[in-house]
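Please follow the strands first, then the helix that covers them, and finally two sites in the interior.

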Amino acid sequence: MTVQVVTANRLRDGAIVWLTADRRWSEEFSASLPLRSEADAEAALEGTKADVKARLVVGPYLAEVKETPEGLQANSARERIRASRLPTITPDVGSWTGRIAG
């Protein structure tokens, strides 16, 4: 099985968060709880339902990672971007608000 982690967005501010070993949410990818079996992964994801119901997070899902001597690394480009916490748009580009013809 591929190692997985649970990620979501914090509802209060939209921040990308990762489920930790103590079942809390962290903005730090490195704090993610590595889930090494399907049963553990499904149980962790199931456990997030209470946080969704409490409106702490939205959209939790499993993301594949690999374990390296340096720590966890996200497998997909999407998850590498999310884990980096870097913006995907720069301030000089501006906002799309008001630019879509309706």
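**Sheet, helix and two buried sites**

Strand β1 (residues 3-10) and strand β2 (residues 16-19) run antiparallel and are joined by three bridges, with Ile-16 in β2 serving as the bridge partner of Asn-9; helices (H or I, at least four residues) and strands (E, at least two) are DSSP runs, numbered from the N terminus. This is a predicted model, in which local features need pLDDT of at least 70 and side-chain atom pairs count only at pLDDT 80 or more, while totals for chains, interfaces and linings use all residues. Residues are numbered from 1 along each chain as its sequence is written, and side-chain values use heavy atoms, with hydrogens and water left out.

The open sheet has five strands in the order β3-β2-β1-β4-β5, with antiparallel pairing, where two strands pair if DSSP finds at least two bridges between them. Its edge strands, β3 (25-26) and β5 (71-74), each pair on one side only. Helix α1 (residues 38-47) packs on the sheet and touches β1, β2 and β4 (57-68), contact meaning heavy atoms within 4.5 Å; the direction of α1 makes about 155° with that of β4 (axes are lines fitted to C-alpha atoms, for helices over the stretch in contact, and angles run from 0 to 180 degrees between N-to-C directions).

Trp-18 and Phe-29 are both buried (under 20% relative accessible area, with exposed over 50% and partly exposed in between, using a 1.4 Å probe and protein chains only). Trp-18 lies in strand β2 and Phe-29 in the loop between β3 and α1, 11 residues apart.

Asp-51, in helix α2 (residues 49-53), touches Trp-25, Leu-56 and Val-57, not counting residues up to four places away in sequence.
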